[in-house]
Amino acid sequence: MEREGEKGYVSGDAFMREHPLCRRCYRLIHYGELSPVSVTAQEYRQTLEKALKRPSLILYVIDLFDFNGSLVKGVESLIRGHEIIMAINKFDLFPREISPERVKHWVIREAGKQGLTVREALVVSAKNGQGVKELSRTLEARAKGRPIVVLGMANVGKSSLLNRIIATMDEDEGQKLTTSLYPGTTLGMVSLTLPGGQMTFTDTPGLLGTYRVMDRVCANSLKDIFPSARINPRVYQLTAEQTLFLGGLARVDFVKGTPQSLVVYAANQLKVHRTKLARADELYEQHAGELLTPPCDECANDLRPLFPKRFRFTKGRPFDLVISGLGFIQFGGQESELVVHVPKGVETTIRPSLIGGSKKGPGEGGKWPNSRRI
Ligand SMILES: Nc1nc2c(ncn2[C@@H]2O[C@H](COP(=O)(O)OP(=O)(O)OP(=O)(O)O)[C@@H](O)[C@H]2O)c(=O)[nH]1
Ligand SMILES: [Mg+2]
Ligand SMILES: [Zn+2]
């Protein structure tokens with residue numbers, strides 16, 4: 001499914017051309033405007049098929065903040081048989097105390113559950129350069145003459161990471177690829193061969209997923225939900241019959257259960273409101289679009305109303321409730337019944353907690369130095 005009015009893309013020859021700073025990229029870089037075009041699932045498959053014609057080393061980039069939304073669906077048959085290195089990007093958004101080792105194991109395990117066999121996973125940040133040298137060395141050692149194809153959903157940071165990798169390998173090279181806050185920045189395949197010819201990289205366009213909130217909000221609202229700095233986890237002590245709103249994009253009703261602390265991981269600028277469950281409907285009706293924003297008027301049509309989904313948990317391990325492309329909420333693992341309301345088509349997932357199970361995690365009653373208790 002693609003968004004209406006967002007077609008208009010694809011001239012075949014533009015695919016293989018060396019990276020041109022086209023009018024669209026120019027406007028994006030200089031004026032922060034995104035011409036609305038998107039790669040459809042079918043076009044995406046074709047591009048990927050072309051990129052993977054030869055045995056390749058796949059650099060599978062995921063955004064750790066949106067792990068579930070980062071996995072590309074429906075490409076299993078295309079990537080089978082190619083070796084996969086996973087780059088766990090945007091680690092800079094997470095509390096400093098989190099162990100990269102633990103994250104790595106968590107990611108390999110969760111990827112495995114989705115049928116992805118990952119040869120090696122490395123924690124990186126294209127933003128601050130963490131782990132990029134090690135990743136470059138790994139790619140160099142593993143490529144063995146094969147092209148390196150960069151794969152990942154839109155906005156996970158493929159082009160940013162590739163720019164970083166190139167910079168670590170060749171200091172004369174500046175920024176080569178256009179990157180931006182807007183999903184759908186790279187439109188076609190872009191191949192780069194490093195001087196000396198020892199490695200060839202192919203950047204690919206990211207797929208947009210209509211199940212991710214970040215792909216559904218307008219450009220303005222995206223700024224309100226996109227984490228641009230290290231996330232301050234927000235800790236809430238909730239008792240039964242209380243509700244949390246994440247802007248006007250998601251609503252979590254804690255219907256029943258043992259009082260517990262939840263930790264919200266979302267962009268710091270995203271407003272979270274707590275209210276009584278009994279008042280939640282009324283609050284939404286009266287304040288969607290003002291107190292409960294985003295969405296704004298421009299994108300509300302597609303993102304209102306919210307639809308409920310019920311979850312029941314018995315006492316057990318800590319888990320995360322993931323709202324794809326918006327954030328996740330960590331629960332301590334107490335008995336509870338939740339009703340989660342999200343816009344139509346937005347994916348909600350339950351997974352073993354990314355952070356909560358760790359010894360140092362904020363856990364029940366604990367807290368990170370930079371977390372806020374509310
Ligand atoms: N905090 C943080 N932001 C990052 C990191 N890497 C990329 N970003 C940001 O994420 C956004 C998307 O980055 P791109 O490199 O354009 O992502 P892409 O995967 O190439 O996206 P498409 O071309 O749309 O598929 C930009 O706003 C980047 O600044 C990172 O390591 N940390
Ligand atoms: Mg890109
Ligand atoms: Zn909007």
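**Strands, zinc and ligand 1 in a predicted model**

Guide: In this predicted model, strand β10 (residues 260–266) pairs with β14 in the antiparallel sense, over five bridges.

Visitor: What makes β10 and β14 a pair?

Guide: Two strands pair if DSSP finds at least two bridges between them. β10 and β14 have five bridges, so they count as paired. Y265 has F328 in β14 as its bridge partner.

Visitor: How do you know that β13 and β14 pair?

Guide: The cut-off is at least two bridges. Strand β13 (residues 319–323) and β14 share five bridges in the antiparallel sense, so they pair. V322 stands opposite F328. Three residues separate β13 and β14 in a hairpin. G325, in the turn, has a positive phi of about 75 degrees.

Visitor: Why is β14 called mostly covered?

Guide: Buried means under 20% relative accessible area. Five of the five residues in β14 (residues 327–331) are buried, so the strand is described as mostly covered. Both faces are covered. G327, I329 and F331 are buried on one side, F328 and Q330 on the other.

Visitor: Now the metal. Which protein atoms are the donors of the zinc ion (ligand 3)?

Guide: The donors are C218 (SG), S221 (OG), C296 (SG) and C299 (SG). They lie 2.2 to 2.3 Å from the zinc ion. The cut-off is within 2.8 Å, so these atoms count as donors. Along the chain they follow the spacing C-x2-S-x74-C-x2-C.

Visitor: What do S221 and C299 tie together?

Guide: S221 lies in helix α8 (residues 219–225). C299 lies in the loop between α9 (277–287) and α10 (300–303). The pair therefore ties together parts that are 78 residues apart in sequence.

Visitor: Why is the zinc arrangement called tetrahedral?

Guide: Four donors count as tetrahedral if all angles lie between 85 and 135 degrees. Around the zinc ion the angles are 99 to 128 degrees, so the arrangement is tetrahedral. The ideal angle for four tetrahedral donors is 109.5 degrees.

Visitor: Are S221 and C299 buried or exposed?

Guide: The cut-off for buried is under 20%. S221 has 2% relative accessibility, so S221 counts as buried. C299 has 5%, so C299 counts as buried too.

Visitor: What makes the approach of D92 to ligand 1 a polar contact?

Guide: The cut-off is a pair of N or O atoms within 3.5 Å. A polar side-chain atom of D92 lies 2.7 Å from a nitrogen atom of ligand 1, so the pair qualifies. The protein buries 91% of the 660 Å² that ligand 1 exposes when taken alone.

Technical notes. Residues are numbered from 1 along each chain as its sequence is written. Chains are lettered from A and ligands numbered from 1 in the order in which they are written. This is a predicted model: local features need pLDDT of at least 70, side-chain atom pairs count only at pLDDT 80 or more; totals for chains, interfaces and linings use all residues. Side-chain values use heavy atoms; hydrogens and water are left out. Donors are N, O and S atoms within 2.8 Å of the metal (3.2 Å for Na, K and Ca); water is not among the atoms, so sites may look incomplete. Four donors count as tetrahedral if all angles lie between 85 and 135 degrees; four count as square planar and six as octahedral if opposite donors are over 155 degrees apart and all others between 65 and 115; anything else is irregular. Helices (H or I, at least four residues) and strands (E, at least two) are DSSP runs, numbered from the N terminus. Buried means under 20% relative accessible area, exposed over 50%, partly exposed in between (1.4 Å probe, protein chains only). A polar contact is a pair of N or O atoms within 3.5 Å; within protein, one must be able to donate a hydrogen and the other to accept it, and residues adjacent in sequence count only if both atoms are side-chain atoms. Accessible areas come from the Shrake-Rupley method with a 1.4 Å probe; for residues, only the protein chains shown count as cover.
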